[in-house]
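Work through the exercises below with the sequence and the 3D structure in view. Each task is followed by a solution in steps.

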Amino acid sequence: MKQIHELIDIGAKELKDISRRPKLEAEILLSHALGCERIDLHRRYYESVETDAFLRALSLRKNHIPIEYITEQVSFYSETFAIRPGVLIPRPETELLIDHTAQLIEEHALSHIVEIGTGSGIIAIMLAKRFPHLSVTAVDISPKAIELAKENAQSQGVADRIEFKETSLLDNVEGTFDLLVSNPPYIANNFPLDATVCHEPANALFGGEQGDELIRSIIDLCLERRIPWLTIEMGYDQKAPLESYLTERGVSAFTFYSDLAGLDRGFTANMSTVG
Ligand SMILES: C[S@@+](CC[C@H](N)C(=O)[O-])C[C@H]1O[C@@H](n2cnc3c(N)ncnc32)[C@H](O)[C@@H]1O
């Protein structure tokens, strides 16, 4: 048994070399281990508690397991979603992809959308929550992702408005869509990842030799299936090659957007402008 403040100090010290926010992570792990809110730790500062669950969680984190995989929770767009190993942990910049997509849905009164690579389901779910009239199809190649996305859709109350399908790209997906949204894997195969990111699934991260191969396939697919709008998240160094590719494929109306760090992060395109 140890007092809560002692465990926070132990955790912060143990994590100082692997985390940029060691004390915060120690508190998150301790509140998870004790099954309480973080704020309660401060109220119970001098209380003695069992240490086993906390020390186990701490040891996983010291081995670079992402904290979200240990707590099996992730905050995204002010909501809490379930997350598990084998499924990509949502990143804050993906909120921007949702905002750009939502803007198009609103401006053009779009009603049928499809998402490729839904992962934990956050994009499809947030859009379905925002637009009650929207019909959403969401696909992923990973069975683990589809299972988790269905669970998240259920707990967010939109399971009846999202059709989830395990498939690659739009293989065996029938129907017509007004918009395709995707945050596909876009990292180049040989890019060195940091030790924590290495625990995330490779098929959610790597997009090919250059990194943007899957994005190019999605552009082609959008044209082939005559889907008029496309919104994509991409790597910070992919604007020039993708701008050339869109132009080469005859798309003339597209806009790139940056993330909060000022890095190029994605684009929206009107695919019906092809001559
Ligand atoms: C970068 S993750 C995005 C997950 C989630 N949409 C998000 O934004 O957090 C990419 C997802 O694409 C899926 N994926 C990879 N190749 C795919 C393919 N050919 N067809 C469908 N999904 C694919 C991966 O399994 C992964 O879940």
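Axes are lines fitted to C-alpha atoms, for helices over the stretch in contact, and angles run from 0 to 180 degrees between N-to-C directions. The model used here is predicted.

**Exercise 1.** Find the angle at which helix H2 and H4 pack, and state how the two helices lie to each other.

Solution.
- Step 1. H2 covers residues 22-34, and its angle with H4 is about 135°, with the axes 8 Å apart.
- Step 2. Angles over 145 degrees count as roughly antiparallel, and 65 to 115 as roughly perpendicular, with the rest above 35 being oblique.
- Step 3. H2 and H4 are therefore oblique to each other.
- Step 4. Their crossing is right-handed.
- Step 5. On H2 the contact is made by Glu-25, Leu-29, Leu-30, His-32 and Ala-33, and on H4 by Ala-53, Phe-54, Ala-57, Leu-58 and Arg-61.
- Step 6. By class, the contact of H2 with H4 has seven nonpolar residues, one polar and two charged.

**Exercise 2.** Describe how helix H1 packs with helix H4.

Solution.
- Step 1. H1 spans residues 4-15 and H4 spans residues 52-62; they pack at about 15°, and their axes are 10 Å apart.
- Step 2. Angles under 35 degrees count as roughly parallel.
- Step 3. H1 and H4 are therefore roughly parallel to each other.
- Step 4. H1 passes H4 in a crossing that is right-handed.
- Step 5. H1 contributes Leu-7, Gly-11, Glu-14 and Leu-15 to the contact, while H4 contributes Phe-54, Leu-58, Arg-61 and Lys-62.
- Step 6. Four nonpolar, one polar and three charged residues make up the contact of H1 with H4.

**Exercise 3.** Give the geometry of the packing of helix H6 with helix H7, then list the residues in contact.

Solution.
- Step 1. H6 (residues 94-107) and H7 (residues 122-130) have an angle of about 40° between them, and their axes are 10 Å apart.
- Step 2. H6 and H7 are therefore oblique to each other.
- Step 3. The crossing of H6 past H7 is right-handed.
- Step 4. From H6 come Thr-94, Leu-97, Ile-98, Thr-101 and Ala-102; from H7 come Ile-122, Ile-123, Met-126, Leu-127 and Arg-130.
- Step 5. The contact of H6 with H7 divides into seven nonpolar, two polar and one charged residues.

**Exercise 4.** Which residues come nearest to the ligand, and which elements give two or more residues to the shell around the ligand?

Solution.
- Step 1. There are 22 residues around the ligand, of which Gly-117, Gly-119, Ser-142, Asn-183 and Ala-204 come nearest.
- Step 2. Two or more residues of the shell are given by each of H7, strand S6 (135-140) and helix H9 (202-205).
- Step 3. The shell has twelve nonpolar residues, nine polar and one charged.

**Exercise 5.** Compare the radius of gyration of the protein chain with the globule rule.

Solution.
- Step 1. The protein chain has eleven helices and 13 strands.
- Step 2. Its radius of gyration is 21 Å, close to the 19 Å that the globule rule gives for 275 residues, so the protein chain is as compact as a globular protein of that length.
- Step 3. Along the principal axes, the C-alpha atoms of the protein chain fill a box of roughly 70 × 40 × 30 Å.

Note on methods: Residues are numbered from 1 along each chain as its sequence is written. This is a predicted model: local features need pLDDT of at least 70, side-chain atom pairs count only at pLDDT 80 or more; totals for chains, interfaces and linings use all residues. Helices (H or I, at least four residues) and strands (E, at least two) are DSSP runs, numbered from the N terminus. A crossing is left-handed if the near helix is turned anticlockwise from the far one by less than a right angle, and right-handed if clockwise. Two residues are in contact if their C-beta atoms, placed from the backbone, lie within 7 Å. Ala, Val, Leu, Ile, Met, Phe, Trp, Tyr, Cys and Pro count as nonpolar, Asp, Glu, Lys and Arg as charged, and the others, Gly among them, as polar. A residue is near a molecule or strand if its C-beta atom, placed from the backbone, lies within 6 Å of it. The radius of gyration is taken over C-alpha atoms; the globule rule is 2.2 Å times the number of residues to the power 0.38.
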